[in-house]
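Grab a coffee and open your viewer. Below are some exercises on how the parts of an assembly fit together, each with a worked solution.

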There are 4 protein chains.
Amino acid sequence: MPDTPIGFIGLGIMGTPMARNLMKAAYPLVVYNRTASKAQALAQEGAQAASSPREVAQRCPVVITMVTDSPDVEAVVLGKSGVIEGIQADGVLIDMSTISPQVTRAIAEQLRKRGGHMLDAPVSGGLWGAQSGTLAIMVGGEKGVFERCLPVFQAMGKTIVHVGGNGMGQVTKLVNQILVAGTLNAVCEALVFAAKAGADLEKTIEAVAEGAAGSWQLRNLGPRMVRGDFAPGFMARLQQKDLRLILEAAREMHVPLPGTALVHQLYAALEADGRGNEGTQALIRVHRLLAGVEARKKGE
Amino acid sequence: MPDTPIGFIGLGIMGTPMARNLMKAAYPLVVYNRTASKAQALAQEGAQAASSPREVAQRCPVVITMVTDSPDVEAVVLGKSGVIEGIQADGVLIDMSTISPQVTRAIAEQLRKRGGHMLDAPVSGGLWGAQSGTLAIMVGGEKGVFERCLPVFQAMGKTIVHVGGNGMGQVTKLVNQILVAGTLNAVCEALVFAAKAGADLEKTIEAVAEGAAGSWQLRNLGPRMVRGDFAPGFMARLQQKDLRLILEAAREMHVPLPGTALVHQLYAALEADGRGNEGTQALIRVHRLLAGVEARKKGE
Amino acid sequence: MPDTPIGFIGLGIMGTPMARNLMKAAYPLVVYNRTASKAQALAQEGAQAASSPREVAQRCPVVITMVTDSPDVEAVVLGKSGVIEGIQADGVLIDMSTISPQVTRAIAEQLRKRGGHMLDAPVSGGLWGAQSGTLAIMVGGEKGVFERCLPVFQAMGKTIVHVGGNGMGQVTKLVNQILVAGTLNAVCEALVFAAKAGADLEKTIEAVAEGAAGSWQLRNLGPRMVRGDFAPGFMARLQQKDLRLILEAAREMHVPLPGTALVHQLYAALEADGRGNEGTQALIRVHRLLAGVEARKKGE
Amino acid sequence: MPDTPIGFIGLGIMGTPMARNLMKAAYPLVVYNRTASKAQALAQEGAQAASSPREVAQRCPVVITMVTDSPDVEAVVLGKSGVIEGIQADGVLIDMSTISPQVTRAIAEQLRKRGGHMLDAPVSGGLWGAQSGTLAIMVGGEKGVFERCLPVFQAMGKTIVHVGGNGMGQVTKLVNQILVAGTLNAVCEALVFAAKAGADLEKTIEAVAEGAAGSWQLRNLGPRMVRGDFAPGFMARLQQKDLRLILEAAREMHVPLPGTALVHQLYAALEADGRGNEGTQALIRVHRLLAGVEARKKGE
């Protein structure tokens, strides 16, 4: 597929390294960002800057969007000078943002009417996955379109799974986030319990991390909690955005998620404390506050 | 250490294969079980049956207990004809049950007064770990005593960690169970959400299991939930017992565990449905009931 | 104030009896409803039907809206042929719907720019309060405007409190609903506990209703739960709408509401069971299902 | 019934004023307290002090116990020199403590074997109710025994209801506490929400207290929360004891109580902050902490 120009809209923390990986894979890149300065950085590395999402779509048969939330994708695709105004015949919009499955389906429908296609392809793996090209990518949309775009995904990710029709990529990402949030909260409760019982937290993690209690969250974020390292791999306020999407989708489907709803409320306390820009692991601050215990390594 | 006779009290589902692994490692075994028939089975394989916990302690410098709950350990150790009445000078009681840290410390104190030692050494890994000798063992007690008994542990387990003084093995096991319960509940909520959204559950698990959402519970119990296989690796009612121990210890220490408390209440609904003897993964039945969805593979 | 024509938009279950009470108080009424047939019923009783919200506003210095949700008020006020297009100089829009405080403030701001005023005046008391003219009305907006409209409110309600500027009426209504939902859930848990313990539920309510455990919900809805009477005073799905408004406002303000969020999830199970049109007291169905108990009077 | 000597065991904060009300009603009183000084205070007012619960029972056909928890009642009744050793033929033990229904039934069974009777008669109404003789009393036990003792109850309380056999008085009290705890938590969430939205809290309470949102907790404890008055009417740590009894009984019966369990966890945070001796209304401190808001009247 190289030689195909790829459009990339949304050059934030995640988008920029993902775009770079496409350039490394020798795709000609046409970029657009609301804040133009970020596009210029990539332009100096060889990308071409466009003046609107429409122009990106006019110049590229495949356009990727990587923005924050449902209204952002709607603005960039359906809004004034949006992708939909320039979509090529048989062109593909790949939305890699995490947004509402329902909004996704509505956008796909609009594009279809104009002769275009859509894949929803949200990612998991955080900044490190974006930089190293090892993201997990969960793709919804037509199977044939997915197969056509597979090389593009392979330039950015490792585990790439076609999970169903439009919206199912987003559903899978939300499933991912239900798991992430619930598991992380269990890690927080476990460590605060251990701390107040006087345990050596590093030894505790070591003793349980490889068995039935083991998880990515425990092995990767547990030690950071113990060290008091709250730098963001993934920001708490973005986790909150995802939890909002989950709970909205669940409400419409009438799926009770009592545990997930609880974690959403606990993160609100973290945000109330002004710490929404810290990493998700900072949730332990709320549990420490409630239990009146430090829950970190001695001397730190 | 082989040649040292080991006493083994409590020949239930877990205890019997653990005792067999000690025999495979050539330890002479003296066994006792309240229901004598279970001891006879092992006697036919070469163990010697004793008539009381006291007699076991009189004949063995190391005595293992593997029973259900705090009162069971108290009965066997401190009760009439209990271990404490026969404990040898410098003898060691290794309690591998999962019980209260506080009760553990009280028993250790009693044994110390009689010149004995105690290690609390609860295990994780379930029936399969017990059979294959790959249990995780979390040990509390004096370091020297732990080191003396290490070969005994190695006959039964793989990850063996000394985590602190008496009671800290139990604290670590409870930490393990906080993690297990919270993670499993997240798996249930994720799969019910996915099911109601029309996802292919096996593909969904495949797409997320290796990333930040991954956990032992998801990879091992998720597929069983999807297949409707609720046979017990670890019984729901024993998980409830452990959650009770956790919440009692947390109450005494004033550690709020809102997520763990919620899972305990959800399991109560499973027990109310008469399913306490099913595996912990049967918790998804409660979420399926609440969401009004099957959450299992088509055709099963 | 009588002789002043009052506009009334939204002639649903609550709106119709409220409008009738204005007519009883001798206010000339100009009515509009999306489904015109409902307006015609009132027209036969003496009201005049208008063809659009704009026309209502052109003809009346005070316009009341009583619709379902934020988008409905936005449509009727700010949409095509909306109230704002016809608002008189110094005219007042009284929105008696329960909607978002934030949307309320935005609409008030728009009306102010056109020389109009707004009061947000949501009500509590249900169908019976609407019919008997005994609603509680919580009013936000300018004090002077409130005083000018007080006679209008007095035709419909009994406890009428000016609680602050625009949006504060809605905030107070949401506060009301946090209380209603949390108290009702406690009633459900209490009755299910009592039922499973074998208590006589009517005697139990009698024994506790007048003391520290007493509440409107217990005294009014408790006996209905016991009788299995789930006819709506206030529909579960409208309670869910209000809980959504509460949790959205709380999210924006970073106020954790763990108990309220839990009740919202439990009501989702009631909706999943297809019972959103039953009364709020039907929440006990979910608790009965979880506990596996009937929780109602013998023989019913 | 006056002239009948009444025994009273447990002269704490509640017990002392209750005993005084019996003296006011002209009952001869025989008192016992573990800490003898408290008995002496009443002795100076005309009561006779006994040297053991047994002696109290030997001297009085009706013996009241008012102590803290299940083990305390067991000690005083079944322990060395306990009530059971002195119970008269056809004598009655009235336990007015709040304890486990199950323990209650076991004690009643023991007394029955010795020819005695038991009534479980826990109270609601707090210190003020004890002093003013207006307690609510929920009585379990044989109807005939209840009727015989009714005058004794009438000297101490106002709403006196016979709710069923032994243990049902305790069940009813636990029902009462489920209601109290859940309702109070709703009041806390409502006020914190209102505070962060900038509402005038006293006006807010006024606007909603008389309608569907109204409760004893809101009307009596809401204003104290707003004033920052956390003096105990009923101590948080005793509420925690009652919540523990509720959750233990619920666990044995398999009744999920997710809302009640949540409140129990939130109170644990209050205890972790060293405030278990404050009144139950201090729970709002936890919600204020989580929301990062004061939730009290300006200037206080």
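**Exercise 1. Into which domains is chain A divided, and how do they touch?**

Keep in mind that you're looking at a predicted model.

Step 1. Start with the split: chain A has domain 1, covering 6-165, and domain 2, covering 172-291.

Step 2. Now take the centres over C-alpha atoms, and domain 1 of chain A turns out to be 29 Å from domain 2 of chain A.

Step 3. Count the contact: domain 1 of chain A puts in 11 residues and domain 2 of chain A puts in 10 residues.

Step 4. Sort the domain 1 side of chain A by class, and you get six nonpolar, four polar and one charged residues facing domain 2 of chain A.

**Exercise 2. What rotation and shift superpose chain A on chain B, and which residue of chain A comes closest to the axis?**

Step 1. Recall that two copies of a chain are related by a rotation about an axis and a shift along it.

Step 2. Here the rotation is 180°, the shift along the axis is 0.0 Å, and chain A lands on chain B with an RMSD of 0.0 Å.

Step 3. The two copies are therefore related as by a two-fold rotation axis.

Step 4. Look for the residue of chain A closest to that axis: A:Ser215 takes the spot, with its C-alpha at 2.0 Å.

**Exercise 3. Which elements of chain A touch chain B, and which gives the most?**

Step 1. Size up the contact first: 57 residues come from chain A and 57 residues from chain B.

Step 2. List the elements of chain A that give two or more residues to the side touching chain B: strand 8 (135-140), strand 9 (157-164), helix 9 (168-196), helix 10 (201-208), helix 11 (216-227), helix 12 (236-253), helix 13 and helix 14 (283-291).

Step 3. Rank them, and helix 9 of chain A gives the most to this side, with 20 residues.

Step 4. By class, the side of chain A that touches chain B has 35 nonpolar, 16 polar and six charged residues.

Step 5. Compare the two sides: 100% of the interface residues of chain A are also interface residues in chain B, so the copies meet through the same surface.

**Exercise 4. How many residues of chain B are in contact with chain D, and which helix gives the most?**

Step 1. The count is 16 residues of chain B against 16 residues of chain D.

Step 2. On the chain B side, helix 12 (236-253) and helix 13 (258-272) each supply at least two residues.

Step 3. Helix 13 of chain B gives the most here, with 10 residues.

Step 4. The class split for the chain B side is 10 nonpolar, three polar and three charged residues.

Step 5. Superpose chain B on chain D and you need a rotation of 180° with 0.0 Å of shift along its axis, for an RMSD of 0.0 Å. In chain B, the C-alpha nearest that axis belongs to B:Ala261, at 3.1 Å.

Step 6. Since 100% of the interface residues of chain B are also interface residues in chain D, the copies meet through the same surface.

**Exercise 5. At what angle does helix 13 of chain A pack with helix 13 of chain C?**

Step 1. Two packed helices are described by the angle between their axes and the distance between the axes.

Step 2. For this pair (residues 258-272 of chain A and of chain C), the angle is about 155° and the axes are 9 Å apart.

Step 3. An angle over 145 degrees counts as roughly antiparallel, and helix 13 of chain A and helix 13 of chain C are therefore roughly antiparallel to each other.

Step 4. The crossing of helix 13 of chain A and helix 13 of chain C is right-handed.

Step 5. The contact residues include A:Ala261 and A:Leu262 from chain A, with C:Ala261 and C:Leu262 from chain C. By class, the contact has six nonpolar, four polar and no charged residues.

**Exercise 6. Where do helix 13 and helix 14 of chain B meet?**

Step 1. Their axes come within 9 Å and cross at roughly 90°, so helix 13 of chain B and helix 14 of chain B are roughly perpendicular to each other.

Step 2. B:Leu266, B:Tyr267, B:Ala269 and B:Leu270 of helix 13 meet B:Leu283, B:Arg285 and B:Val286 of helix 14.

Step 3. That contact holds six nonpolar, no polar and one charged residues.

Key: Residues numbered from 1 in each chain as written. Chains lettered and ligands numbered in written order. Predicted model: local features only at pLDDT ≥ 70, side-chain atom pairs only at ≥ 80, totals over all residues. Domains from an automatic or database assignment. Contact = placed C-beta atoms within 7 Å. Nonpolar A, V, L, I, M, F, W, Y, C, P; charged D, E, K, R; others polar. Least-squares fit on C-alpha atoms with pLDDT ≥ 70 in both. Axes fitted to C-alpha atoms, helices over the stretch in contact; angles between N-to-C directions. Helix = DSSP H or I, 4+ residues; strand = E, 2+ residues; numbered from the N terminus. Parallel < 35°, antiparallel > 145°, perpendicular 65-115°, else oblique. Left-handed = near helix turned anticlockwise from the far one by under 90°.
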